Amino acid sequence: MVTLTEKAAAEVKRTMTQALQTEEAYLRVGVAGGGCSGLDYKFHFDQSATPEKDHITEQYGVKVAVDKKSALYLDGTTIDYVDTLERRGFKFDNPTATKSCGCGKSFSV
């Protein structure tokens with residue numbers, strides 16, 4: 001399961017409002033081949049999810065959908081939002097990753 005922190009959920013909701021997303025929108029989290037370490041984290045808004053194809057949860061008012069293939073690589077991952085002088089953005093803490101790139105946007109298992 002992928003977990004959003006309260007701070008990450010607040011930022012997702014803020015972004016959803018700015019992007020004029022409807023209440024039915026999901027935050028779709030997944031992985032795709034690529035990046036410096038082999039797999040890239042992907043997330044975007046999606047208007048549909050199905051229990052047959054996705055793991056669906058609701059956290060702090062945000063509906064999260066993870067396709068079952070990506071869930072194998074993301075199990076136990078926590079997504080936080082960081083806003084410091086050095087970095088601003090979403091941070092993935094993935095316990096299944098054996099290596100990640102310096103920017104934290106790709107990983108390998």
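Start by selecting threonine 77 in this predicted model. Setting aside neighbours within four places in sequence, threonine 77 is in contact with Met1, Val2, Thr3, Phe92, Asp93, Asn94 and Pro95. Threonine 77 sits in the loop between H2 and E6. Is threonine 77 buried or exposed? Its relative accessibility is 1%, so it counts as buried. Now show its side chain: it reaches the backbone oxygen of leucine 74 at 2.8 Å.

**The whole chain**

Zoom out and colour by secondary structure. The protein chain has two helices and nine strands. Followed along the sequence, they give the pattern β-α-β-β-β-β-α-β-β-β-β. Of the 109 residues in the chain, 37% are buried. Contacts also link distant parts of the sequence: among those between residues at least 6 apart, 52% join residues at least 24 apart.

Next, colour by pLDDT. The mean for the protein chain is 86, and 85% of the residues reach 70 or more. Which element has the lowest mean pLDDT, and which the highest? Strand E9, residues 106-108, is the lowest at 50, while strand E1, residues 3-4, is the highest at 97.

**Helix H1**

Select residues 6-18, which form helix H1. Its 13 residues should span 18 Å at 1.5 Å a residue, and the end C-alpha atoms are 19 Å apart, so the two values agree. Within H1, show Ala8, Ala9, Glu11, Val12 and Met16, which are its buried residues. Viewed down the helix axis, these buried residues fall within an arc of 160°, so they line one face of H1. An α-helix has 3.6 residues a turn, so residues three or four places apart point the same way. Turn to the other side of H1 for Glu6, Thr17 and Gln18, which are exposed.

**Two loop residues with positive phi**

Move past the end of H1 to leucine 20, which follows the helix and has a positive phi. Leucine 20 belongs to the loop between H1 and E2. Its phi is near 60°, a positive value in a residue other than glycine. Most residues other than glycine have a negative phi. With a relative accessible area of 74%, leucine 20 is exposed.

Tyrosine 60 is the next selection, in the loop between strand E4 (54-59) and E5. Here phi is near 50°, again a positive value in a residue other than glycine. Tyrosine 60 has a relative accessible area of 47%, so it is partly exposed.

**The nonpolar core**

Where are the residues with the most contacts inside the largest nonpolar core? Select Leu4, Val29, Val62, Val66, Leu74 and Ile79; the core as a whole has 19 residues. Two or more residues come from each of helix H1 (6-18), strand E2 (26-34), strand E5 (62-67), helix H2 (68-74) and strand E6 (78-83). H1 gives the largest share, four residues.

Keep valine 66 selected and display its surroundings. Apart from neighbours within four places in sequence, valine 66 is in contact with Val2, Arg28, Val29, Lys53, Asp54, His55, Ala71 and Leu74. Of these, Val29 and Leu74 are also named among the core residues with the most contacts.

**Aspartate 67**

Step on to aspartate 67, in strand E5. At 26% relative accessibility, aspartate 67 counts as partly exposed. What is aspartate 67 in contact with, leaving aside its neighbours within four places in sequence? The residues are Arg28, Val29, Gly30, Lys53 and Asp54. For a distance check, draw a line from aspartate 67 to alanine 49: the two are 18 residues apart in sequence and 8.7 Å apart in space, C-alpha to C-alpha.

**Tyrosine 41**

Finish in strand E3, residues 38-46, by selecting tyrosine 41. Tyrosine 41 counts as buried, at 11% relative accessibility. Its side chain makes a polar contact with the side chain of asparagine 94, at 3.3 Å. Asparagine 94 is also one of the contacts of threonine 77, where the tour began. From tyrosine 41, a second line leads to valine 29, 12 residues away in sequence and 7.5 Å away in space, C-alpha to C-alpha.

Notes: Residues are numbered from 1 along each chain as its sequence is written. This is a predicted model: local features need pLDDT of at least 70, side-chain atom pairs count only at pLDDT 80 or more; totals for chains, interfaces and linings use all residues. Side-chain values use heavy atoms; hydrogens and water are left out. A nonpolar core is a set of buried Ala, Val, Leu, Ile, Met, Phe, Trp, Tyr and Cys residues joined through side-chain atoms within 4.5 Å. Buried means under 20% relative accessible area, exposed over 50%, partly exposed in between (1.4 Å probe, protein chains only). Contact means heavy atoms within 4.5 Å. A polar contact is a pair of N or O atoms within 3.5 Å; within protein, one must be able to donate a hydrogen and the other to accept it, and residues adjacent in sequence count only if both atoms are side-chain atoms. pLDDT is the predictor's confidence in each residue, from 0 to 100. The expected span of a helix is 1.5 Å times one less than its number of residues. The arc is that of the directions from the helix axis to the C-beta atoms.
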